[in-house]
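Work through the exercises below with the model open. Each task is followed by a solution in steps.

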Amino acid sequence: MLDDCFKITNSIRKSIVKMTHYSRSSHIGSCLSIVDILYVLYFKILKIKPESPKWNERDKFILSKAHGSAALYSTLAERGFFSKELLDKFYIDGGILPGHLDIKAVPGIEISGGSLGHGLSIGVGMAISNKKDNNPGQIYVLIGDGECEEGSIWEAGMLASTLKLNNLTLIIDFNKLQGFGRTNEIINQDNLCQRWNSLDWNSYEINGNDITEIEKTLNISSNMPKAIIAHTIKGKGISFMENKLEWHYKSPNDEQLILALKELGE
């Protein structure tokens, strides 16, 4: 079983490397850190129908850190929402997959995104709507650790617990790096779990690159909204990219593409 999941996560990572190399685009490190989380969501947790992506009672996933789009596109293609051939149209002139998410680009994208801090508020709105409609669909939102510096995140958090939105799960990609440096040196995030607990969320800290731990925590039932602080490694899966700030911006050159794919078994 684990062999199968590693095959899929490796395939997703290979697609990300190829996409960012071909398009000469940024954010490969931010994409690689969340692959294991996306795998568990799309292959283990989410109640979805790739053949019917607008199914009314589906679970919905929001990637608020929308600069990690290559990771979500690759996962959706792997899950069968659209052909992998479309990944060649990522972030290029005449392409169809924009660098930041566009709800109209391909099936499976729930919101358009770009500016940070919006995804949780949208997720709260979706969770409220589902409650009012007696819709069993769950809402999952993934944000970055640097994104926790946005005030709108905490406003949405206060409302979610006030309304006891137990159909809402927040996942924080705590990879310790953001655009201009180490997250905790910009605004200290070490006590994220305590912060969410103080808002009356049920909060958990996990290894966000451990597939078994991710699945176990996502399956915990809760009578309140749930926050998962997922400690991840930026650039996870490619040794020379791991925990390196420059891979927030760089794209792999030809030589680095070969080295990265070799590490991923190609």
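Helices (H or I, at least four residues) and strands (E, at least two) are DSSP runs, numbered from the N terminus. This is a predicted model, in which local features need pLDDT of at least 70, side-chain atom pairs count only at pLDDT 80 or more, and totals for chains, interfaces and linings use all residues. Residues are numbered from 1 along each chain as its sequence is written, and side-chain values use heavy atoms, with hydrogens and water left out.

**Exercise 1. Helix α4 and its end**

Task: State how many residues of α4 are buried, and find the residue with positive phi that follows α4.

Solution. Start with the cut-offs: buried means under 20% relative accessible area, exposed over 50%, and partly exposed in between (1.4 Å probe, protein chains only). Helix α4 spans residues 69-79, and 9 of its 11 residues are buried. Among them are Leu72, Tyr73 and Leu76. Now step past the helix. Glycine 80 follows α4, with a positive phi near 100°.

**Exercise 2. The sheet**

Task: Give the strand order of the open sheet, and say which strands stand at the edges.

Solution. Apply the pairing rule: two strands pair if DSSP finds at least two bridges between them. The open sheet has 5 strands in the order β1-β2-β3-β7-β6, and the pairing is parallel. β1 and β6 (202-207) are the edge strands; each has a single partner strand, so one side of each lacks a neighbour in the sheet. On average, neighbouring strands are turned by 20° against each other, direction ignored.

Next, check the register. β1 (residues 60-63) and β2 (residues 139-144) are parallel and joined by 4 bridges. Lysine 60 has isoleucine 139 of β2 as its bridge partner. Phenylalanine 61 is opposite tyrosine 140 in β2. Between β2 and β3 there are 6 bridges, again in the parallel sense. Here valine 141 has leucine 170 of β3 as its bridge partner.

**Exercise 3. Two faces of a strand**

Task: Sort the side chains of β1 and of β3 by the way they point.

Solution. Recall the rule. In a regular strand the side chains alternate between the two faces of the sheet. In β1, Lys60 and Ile62 point one way, Phe61 and Leu63 the other way, and all are buried. In β3, Leu168, Leu170, Ile172 and Phe174 point one way. Thr169, Ile171 and Asp173 point the other way. The burial count for β3 is 7 of its 7 residues.

**Exercise 4. Two helix pairs**

Task: Describe how α5 packs with α6 and how α3 packs with α9.

Solution. Two packed helices are described by the angle between their axes and the distance between the axes. Axes are lines fitted to C-alpha atoms, for helices over the stretch in contact, and angles run from 0 to 180 degrees between N-to-C directions. Angles under 35 degrees count as roughly parallel, over 145 as roughly antiparallel, 65 to 115 as roughly perpendicular and the rest as oblique.

Take α5 (residues 119-132) and α6 (residues 151-162). Their axes cross at roughly 20° and come within 8 Å. The two helices are therefore roughly parallel to each other. Contact means heavy atoms within 4.5 Å. On the α5 side, the contact includes Leu120, Val124 and Ile128; on the α6 side, it includes Ile153, Ala156 and Leu159. By class, the contact of α5 with α6 has 7 nonpolar, 3 polar and no charged residues. (Ala, Val, Leu, Ile, Met, Phe, Trp, Tyr, Cys and Pro count as nonpolar, Asp, Glu, Lys and Arg as charged, and the others, Gly among them, as polar.)

Now take α3 (residues 35-45) and α9 (residues 211-218). Their axes lie 9 Å apart, at an angle of about 55°. α3 and α9 are therefore oblique to each other. Among the contact residues are Asp36, Tyr39 and Lys44 of α3, and Ile214, Glu215 and Leu218 of α9. The contact of α3 with α9 divides into 8 nonpolar, no polar and 3 charged residues.

**Exercise 5. Loop residues**

Task: Is asparagine 134 buried or exposed? Where is tyrosine 91 found?

Solution. Asparagine 134 lies in the loop between α5 and β2. Its relative accessible area is 70%, so asparagine 134 is exposed. Its phi is positive, about 55°, although it is not a glycine. Tyrosine 91 is in the loop between α4 and α5. Tyrosine 91 counts as partly exposed, at 43% relative accessibility.
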